[in-house]
Amino acid sequence: MSDSVVSTPKWGSTEMLPLPGRFNTAVRSLVAQRRAATDGQWKDIVFERQFDLFSVDDALAVEQEALDSGYRFEYSATVSLDSEPDKYKRADREARTFAEGLDSDGRRHVGVGDNVIKKSQTVTGPVALVSTIEQVMEFLADGIPPGTIAVIDDSGGTLTAPIIEGFAGVICLGGTVRSHLGILAREYDVPTLMNCKINDLKNGDVVELEVTAAPPASDAYELGDTGHARIWLIENEG
């Protein structure tokens, strides 16, 4: 079921969403191939031998191919980026929204966010900028390196839901602690900062998350009292 081959329906309008388009294209293609290899008139085949053209097993196979490809995540995982590009920024794009500086202890302060779960210790690890389905599929296949902290942009959590429990921490550039991703973080007990403003981070940069900070109060977003959990860049000494 190729992304590049999407056939237009002979009757009716084209599918509005990509997943139905892929599924229906695969059905139409298979039926066309079977019809070309089947003798008899169309009316006889449709009413008497319809399962020669397409069966329940065929439908299940088409569906499984879509699921195995990870395509089920495509639309819901990227809809926020497409519908509100000014609000959400892909983690792999430059997004300098925080003026970095040095804290009193000399650590480089590179971001702030809203802590979802208060922990007794901060979390440190290398970051992975996650913004595509292909990355998620690689993590599913190969595993997530221990200690990885994900930097993601969509607070819906759909993109990273299948792998979120494998991260040591999460930095999300959107949403609130009440967002879907915040709920998943609490469910899987993953240290997470939401609504983050960060300086440029690259894959492999080692950061420390201040998940010891108190989560925002119930009225914090109405009052603008947010962004109290800090993010530090751990720089190599010498």
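Two strands count as paired when DSSP finds at least two bridges between them, and the strands (E, at least two residues) and helices (H or I, at least four residues) are themselves DSSP runs, numbered from the N terminus. The model is predicted, so local features need pLDDT of at least 70 and side-chain atom pairs count only at pLDDT 80 or more, while totals for chains, interfaces and linings use all residues. Residues are numbered from 1 along each chain as its sequence is written, and side-chain values use heavy atoms, with hydrogens and water left out.

**View 1. The whole protein has 8 helices and 8 strands.** Of the 238 residues in the protein, 41% are buried, where buried means under 20% relative accessible area, exposed over 50%, and partly exposed in between (1.4 Å probe, protein chains only). A contact is a pair of residues with heavy atoms within 4.5 Å; among the contacts in the protein with a separation of 6 or more, 61% are between residues 24 or more positions apart.

**View 2. Strand β3 (residues 123–129) pairs with β7 and with β4.** The strand β3 is mostly covered, with 5 of its 7 residues buried. It is joined by 4 bridges to strand β7 (residues 206–209), and these two strands run antiparallel; in β7, leucine 209 is the bridge partner of valine 123. Between β3 and β4 there are 3 bridges, and here the strands run parallel, with isoleucine 149 of β4 serving as the bridge partner of valine 127. Together, β3, α6 and β4 make a right-handed β-α-β unit, a crossover being right-handed if, with the strands pointing away from the viewer, the path from the first strand over the helix to the second runs clockwise.

**View 3. Helix α6 has a set of buried residues and an exposed set on its other side.** Ile133, Val136 and Phe139 are the buried residues of α6. Seen down the helix axis, these buried residues fall within an arc of 120°, so they line one face of α6; the arc is that of the directions from the helix axis to the C-beta atoms. Glu134, Glu138, Ala141 and Asp142 are exposed on the other side of α6. The helix is followed by glycine 143, which has a positive phi, near 90°.

**View 4. Phenylalanine 139 and phenylalanine 167 form an aromatic pair.** The structure holds 1 aromatic pair, where the rings of Phe, Tyr and Trp (its six-membered ring) pair if their centres lie within 6.5 Å, and planes under 30 degrees apart count as stacked, over 60 as edge-to-face and the rest as tilted. Phenylalanine 139 and phenylalanine 167 are arranged edge-to-face, with 6.0 Å centre to centre and 85° between the planes. Phenylalanine 139 lies in helix α6 (residues 133–142) and phenylalanine 167 in the loop between β4 (149–152) and β5 (169–172), so the pair ties together parts that are 28 residues apart in sequence. Both residues are buried, phenylalanine 139 with a relative accessible area of 17% and phenylalanine 167 at 6%.

**View 5. Strand β5 pairs with β4 and with β6.** The strands β4 and β5 run parallel and are joined by 4 bridges, and the bridge partner of isoleucine 149 in β5 is glycine 169. Strand β6 (residues 192–198) pairs with β5, also in the parallel sense, over 2 bridges, and in β6 threonine 192 is the bridge partner of valine 170. In a regular strand the side chains alternate between the two faces of the sheet. Both faces of β5 are covered, since Gly169 and Ile171 on one side and Val170 and Cys172 on the other are all buried. A right-handed β-α-β unit is made by β5, helix α7 (residues 180–188) and β6.

**View 6. Isoleucine 164 is a buried residue in the loop between β4 and β5.** Its relative accessible area is 1%. Leaving aside its neighbours within four places in sequence, isoleucine 164 is in contact with Val170, Leu181, Leu184, Ala185, Tyr188 and Val190. Isoleucine 164 and valine 136 lie 28 residues apart in sequence and 9.9 Å apart in space, C-alpha to C-alpha.

**View 7. Isoleucine 183 lies in helix α7.** This residue is partly exposed, with a relative accessible area of 47%. Isoleucine 183 and valine 116 are 67 residues apart in sequence, and in space they are 8.7 Å apart, C-alpha to C-alpha.
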